[in-house]
Amino acid sequence: MVTLAKYVLPAIQNLQKVVSDSGHTTIGVTTVVATTVLGTSYPPSKATFSEAARADMAGIVKFLSSSGSPLMINVYPYFAYASDPVNVRLDYAQFTATGVVVQDGPLSYSNLLDAVVDAYYWALEKEGVTNLNLVISESGWPSAGNGNSTTPALAQTYNQNLVKRFLKNTGTPKHPDRSLGGFIFAMFNENQKSAGIEQNFGLFNPDGTPVYNVVFN
């Protein structure tokens, strides 16, 4: 991904020019990044882009900031929990904590997704970019593939709470003034992917039957 990143900025610049030159001045072009572009993410206020990604990311985010387009970010609390279940609490990852779990200076966090988003905001700020909005391009929880940490009940809880989080139209502790929205990954389970969790992020089976129910209200 980092190897290809040098091509991203010229691509979005060219696409934005094509769109604007066609008279569609209100249409923006953006790109999607994974949390691997962050070198440090905990606590959020210490976040920076990784050395490998920093030069490319600096150019990308400064262009997006100047063009008024948001940066799309993939945020998966599941992976943080699965990689360190001793230190990353399940309720913190699933939006079910009833109080503050992480205190970062004056900022309090009861869910991991907000903390990751704010890690991006801090990393952006360190590149001199303070007016770039973030949108969650992907987030979800697998319903199978990794034992007790991937059950339909846990996937349902996460995605139901993710929907509630988006519908609140609220910001994060660092930027309460910026509404956070985004998208669930994914609509369907994908049996052509590698066996394990990657096959099991869907809300529906390939035949259209629900893996579990999520209420969108």
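**Figure 1. Strands β4 and β7 run parallel and are joined by four bridges.** The model shown here and in the following views is predicted. One of the residue pairs between these two strands consists of L71 in β4 and its bridge partner L134 in β7. Strand β4 also pairs with β1, again in the parallel sense, over two bridges. Together the strands form an open sheet of three, in the order β1-β4-β7. Strands β1 (32–33) and β7 (134–138) stand at the edges with a single partner strand each, so one side of each is left without a neighbour in the sheet.

**Figure 2. Strand β1 pairs with strand β4, which comprises residues 71–74.** V33 has I73 as its bridge partner in β4. Helix α6, formed by residues 112–126, packs on the sheet and touches β1, β4 and β7. The direction of this helix makes about 125 degrees with that of β7. In the same view, V32 stands opposite M72 of β4.

**Figure 3. Strand β4 is covered on both of its faces.** L71 and I73 lie on one side of the strand, and M72 and N74 lie on the other. These four residues are all buried. Two of them also appear in the pairing described above: L71 is matched with L134 in β7, while I73 is matched with V33.

**Figure 4. A salt bridge joins the side chains of E127 and R54.** The N to O distance is 2.8 Å. This pair links distant parts of the chain, since E127 lies in the loop between α6 and β7, whereas R54 belongs to helix α3 (residues 51–67). The two residues are 73 residues apart. E127 is buried, with a relative accessible area of 14%, and R54 is partly exposed, with a relative accessible area of 38%.

**Figure 5. The side chains of R89 and D91 meet in a salt bridge.** Their N to O distance is 2.7 Å. R89 has a relative accessible area of 41% and is partly exposed. D91, at 22% relative accessibility, likewise counts as partly exposed.

**Figure 6. D114 and R165 form a salt bridge between two helices.** The closest N and O atoms of the pair are 3.1 Å apart. D114 lies in helix α6 and R165 in helix α7 (residues 152–167), so the salt bridge ties together parts that are 51 residues apart in sequence. Both partners are buried: D114 has a relative accessible area of 8%, and R165 has one of 5%. Helix α6, which carries D114, is also the helix that packs on the sheet in Figure 2.

**Figure 7. The whole chain, shown for orientation, has seven helices and seven strands.** Along the sequence, these elements follow the pattern α-α-β-β-β-α-β-α-α-β-β-α-β-α. The chain has 217 residues, and 44% of them are buried. Of the contacts between residues at least 6 apart in sequence, 62% join residues at least 24 apart. The accessible surface comes to about 10900 Å², and carbon and sulfur atoms account for 55% of this area. The structure holds five salt bridges, among them the pairs E127 and R54, R89 and D91, and D114 and R165.

Methods:
Residues are numbered from 1 along each chain as its sequence is written. This is a predicted model: local features need pLDDT of at least 70, side-chain atom pairs count only at pLDDT 80 or more; totals for chains, interfaces and linings use all residues. Side-chain values use heavy atoms; hydrogens and water are left out. Buried means under 20% relative accessible area, exposed over 50%, partly exposed in between (1.4 Å probe, protein chains only). Contact means heavy atoms within 4.5 Å. Accessible areas come from the Shrake-Rupley method with a 1.4 Å probe; for residues, only the protein chains shown count as cover. Two strands pair if DSSP finds at least two bridges between them. Axes are lines fitted to C-alpha atoms, for helices over the stretch in contact, and angles run from 0 to 180 degrees between N-to-C directions. A salt bridge is a side-chain nitrogen of Lys or Arg within 4 Å of a carboxyl oxygen of Asp or Glu.
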